Amino acid sequence: MAKKIGITETVLRDAHQSLIATRMSTEEMLPILPQLDEVGFHSLECWGGATFDACLRFLNEDPWDRLRTIRRLCPKTKLQMLFRGQNMLGYRHYADDVVDYFVQRSVANGIDVIRIFDALNDLRNLERAIKAAKKEGAHAQVGISYTTGPVFTNEYYIDYAKRIQEAGADSICIKDMAALLTPYRTEELVGALKSAVDLPIQLHTHYTSGLASMCIMKGVEAGVDLVDTAMSPLALGTSHAPTESIVAAFEGTEYDTGLDLVLLNEIREYFMTLREKYINNGLLDPQLLATNTKALHYQVPGGMLSNLLSQLKQAGKADQLEEVLQEVPRVRQDSGYPPLVTPTSQIVGSQAVFNVITGERYKMCTKEFKDMVAGKYGKTPVEIDPAFQKKIIGNETPITCRPADLLSPELETLRKEAAQWTEQEEDVLSYAQFPKVAEDFFRKRRDAKYGINSKLGNEEKQVHPV
């Protein structure tokens, strides 16, 4: 029996997040949305991840307006978002009432599929979001943060997949954010998961190491149901396999996607003009399009790589990038082998930078690194050595419960704090994610509305999350 492969198109979210730091504006999306809606994609990934932060911080856009606009212009296609479990779209854990409300408003504004993941693969950090998504009638997909290391065997992934199924997920995504999968490893892992669980399996992998198309082919042959791709002008490099190429590869086979290459090529022309614009204005660095198999060794996602270089340049130590890349796996081993994805990629990366530029390992530790070692982000895949833990956190008692169990309900407090700015009920959620950035945005929005001039400042550090 023929098995049609579903395609999730990432050009509106992860593709431009990976290549141009999430700077595609809603205005740039508008002309092509009706055509994207005609293709017949399984889903359009268009929201979540870093889009929320980038809309407010850099594009002076309301992310909720973006979602409503895409929903209006793409009525036929399921809209998908990326959601970091108890972190939501921010960089700390939030109380359950905020997670519930964020999921409720996301679905109310147009989201159909919520891909929920945790950087540590700690299922306790996902359960609330899964329940909230199911309650709202959304498709709850759970992402397995894929990585390599002594503990990350087929048995590890099978055990996690079984627990994901028990938690009520509707599907599973193998989330290979750092492009660590190889074709035959993909085949092996997909086969193992398909034999262990009854859920659809989606494959998300990046092109950084040059293997994504081959991984998709072997994954599909092994039973993958859905794959993530990007329109070719914003594919390859640290982005994804090209949509048109994958559609062409399976055309006329038992895996035929059923998508129209003629229509896809028309859409390609539009994104080619955007690509040229991004190259000309410096947003798209051609270096990011080059294949780099170092990713397989250092396990550093593309966004993390640019972040490390940025930190080193600020310290005047750009020449020490290679040393930092060698230090990253060591810091990761010391801290319990966390997969490197937001926020753990930033935490491990920043600590590796400090270890190198101070000339002494762990002489200075970031607050976030201490918190991770103390269990405040959840349980690491490997137990952290107690002696190392004591060296980093001193006499502080590590936590072993679900981190959010220590948080009191906070939605009403956030509502009071954001009250002076609130023009729509979703504003409290924008404020919850990024208080300072959101306030600056709200101030600009009010000024534009009423013609008041005020000084704006945004001192928060730029990050490139996954």
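Buried means under 20% relative accessible area, exposed means over 50%, and partly exposed is in between (1.4 Å probe, protein chains only). The exercises below use these words on a predicted model, in which local features need pLDDT of at least 70, side-chain atom pairs count only at pLDDT 80 or more, and totals for chains, interfaces and linings use all residues. Residues are numbered from 1 along each chain as its sequence is written, and side-chain values use heavy atoms, with hydrogens and water left out.

**Exercise 1. A link between two helices**

Task: Find which residue forms a salt bridge with K218, and say whether K218 is buried or exposed.

Solution:
- Step 1. Start with the rule: a salt bridge is a side-chain nitrogen of Lys or Arg within 4 Å of a carboxyl oxygen of Asp or Glu.
- Step 2. The partner of K218 is E187, with the closest N and O atoms 3.7 Å apart.
- Step 3. Now place the pair. K218 sits in helix α10 (residues 212-221) and E187 in helix α9 (residues 183-196), so the contact ties together parts that are 31 residues apart in sequence. Helices here (H or I, at least four residues) and strands (E, at least two) are DSSP runs, numbered from the N terminus.
- Step 4. Check the surroundings: K218 has a relative accessible area of 18% and is therefore buried, while E187, at 30%, is partly exposed.

**Exercise 2. One arginine, two aspartates**

Task: Work out which residues are linked with R68 in a network of salt bridges.

Solution:
- Step 1. R68 meets the side chain of D65 in a salt bridge of 2.6 Å, N to O. Both residues lie in helix α5 (residues 63-73), 3 residues apart, which is about one turn of the helix.
- Step 2. R68 also meets the side chain of D62, here at 3.9 Å, N to O.
- Step 3. Compare accessibility: D62 is buried at 9%, R68 is partly exposed at 26%, and D65 is partly exposed at 40%.
- Step 4. Widen the view: the network links D62, D65, R68, R105, E425 and E426. Across the whole structure, a search finds 41 salt bridges.

**Exercise 3. A strand and its neighbours**

Task: Decide how many residues of strand β6 (residues 171-176) are buried, and which strands β6 pairs with.

Solution:
- Step 1. Count first: 6 of the 6 residues of β6 are buried, so this strand is largely enclosed by the rest of the structure.
- Step 2. Look at directions. In a regular strand the side chains alternate between the two faces of the sheet. In β6, S171, C173 and K175 point one way, and I172, I174 and D176 point the other way.
- Step 3. Take one neighbour. Strand β5 (residues 139-145) pairs with β6 in the parallel sense over 5 bridges, where pairing requires that DSSP finds at least two bridges between two strands. G143 stands opposite C173.
- Step 4. Follow the chain from β5 through helix α8 (residues 154-166) to β6: this β-α-β crossover is right-handed. That term applies if, with the strands pointing away from the viewer, the path from the first strand over the helix to the second runs clockwise.
- Step 5. Turn to strand β7 (residues 201-205), which runs parallel to β6 and is joined to it by 5 bridges. I172 has I201 as its bridge partner in β7. The chain passes from β6 through α9 to β7 in a right-handed crossover.
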